[in-house]
Amino acid sequence: MSAYLVARFAVKDPAKLAAYSQAAAPVIASFGGELLFKGGADGVLTGTDGLPGTAVFRFPSHDKLKAFYNSSEYQALTSAREAGADMVLSAFTAA
């Protein structure tokens, strides 16, 4: 069953976020993850949104998603992530 990693973010430093994204991409791929969508909303329809950017990744399973997140390769990138953006990461499993 597919699992999804949703990243909600507000960019702090575009160059640092780009460097983080470039470094994270091969790690994500090594666990079977693929980017489905990345961008900002065309507009907020209801409420307020302090994290206007969204990226959605699909993994083959929840176990693969968790293995990616907990891997030493990804954990080594957390300071780069934090330097580039304020980010909330959430995991979802498809029903």
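Let's start with Asp13. Is Asp13 buried or exposed? Neither, quite: Asp13 has 24% relative accessibility, so Asp13 counts as partly exposed. Buried would need a value under 20%. Keep in mind that this is a predicted model.

Where does Asp13 sit? Look in the loop between S1 and H1. Set aside residues up to four places away in sequence, and Asp13 touches Ala83 and Gly84. Now find Phe57. Asp13 and Phe57 are 44 residues apart along the chain, and their C-alpha atoms are separated by 22 Å.

Next, the whole chain. How many helices and strands does the chain have? Four helices and four strands. Follow the sequence and you read β-α-β-β-α-α-α-β. The radius of gyration is 13 Å. The globule rule gives 12 Å for 95 residues, and the two values are close, so the chain is as compact as a globular protein of that length.

Some overall numbers. Along the principal axes, the C-alpha atoms fill a box of roughly 35 × 30 × 15 Å. Of the 95 residues, 29% count as buried. The chain exposes about 5700 Å², and carbon and sulfur atoms supply 57% of that area. Now take the contacts between residues at least 6 apart in sequence. Of these, 78% join residues at least 24 apart.

On to the empty space. Rolling a probe the size of a water molecule over the atoms shows where such space is left. The largest pocket holds about 270 Å³. Which residues are closest to its centre? Tyr20, Ser21, Ala24, Ile28 and Phe57, out of 20 that line the pocket. You met Phe57 a moment ago, as the distant partner of Asp13 in that 22 Å separation.

Which elements build the lining? Five of them give two or more residues each: strand S1 (3–11), helix H1 (14–30), strand S2 (34–40), strand S3 (53–59) and strand S4 (85–93). H1 gives the largest share, seven residues. By class, the lining has 16 nonpolar, two polar and two charged residues.

Now a buried residue. Find Arg81, in helix H4, residues 78–84. Why does Arg81 count as buried? Because its relative accessibility is 10%, and the cut-off for buried is under 20%. What does Arg81 touch, beyond residues up to four places away in sequence? Three tyrosines, Tyr20, Tyr69 and Tyr74, plus Met87 and Leu89. Tyr20 is also one of the residues closest to the centre of the largest pocket.

Two serines to finish. Ser2 is in the segment before S1. Its relative accessibility is 25%, so Ser2 counts as partly exposed. Leave aside neighbours within four places in sequence. Then Ser2 is in contact with Arg58, Phe59, Pro60, Thr93 and Ala94. Ser2 and Gly33 are 31 residues apart in sequence, and 9.9 Å apart in space, C-alpha to C-alpha.

The other serine is Ser61. Look in the loop between S3 and helix H2 (62–70). At 23% relative accessibility, Ser61 counts as partly exposed. Ser61 touches Met1 and Ala3, again not counting residues up to four places away in sequence. Val27 is 34 residues from Ser61 along the chain, and 16 Å separates their C-alpha atoms.

How values were computed: Residues numbered from 1 in each chain as written. Predicted model: local features only at pLDDT ≥ 70, side-chain atom pairs only at ≥ 80, totals over all residues. Heavy atoms only, no water. 1 Å grid on protein atoms, 1.4 Å probe; cavity = no way out; pocket = protein on both sides within 12 Å on 5 of 7 lines; lining within 4 Å. Points joined across faces, edges and corners; volume = space filled by probe spheres on them. Nonpolar A, V, L, I, M, F, W, Y, C, P; charged D, E, K, R; others polar. Rg over C-alpha atoms; globule rule 2.2 N^0.38 Å. Buried < 20%, exposed > 50% of the residue type's maximum accessible area, 1.4 Å probe, protein only. Contact = heavy atoms within 4.5 Å. Areas by Shrake-Rupley, 256 points an atom, 1.4 Å probe, with all protein chains shown as cover.
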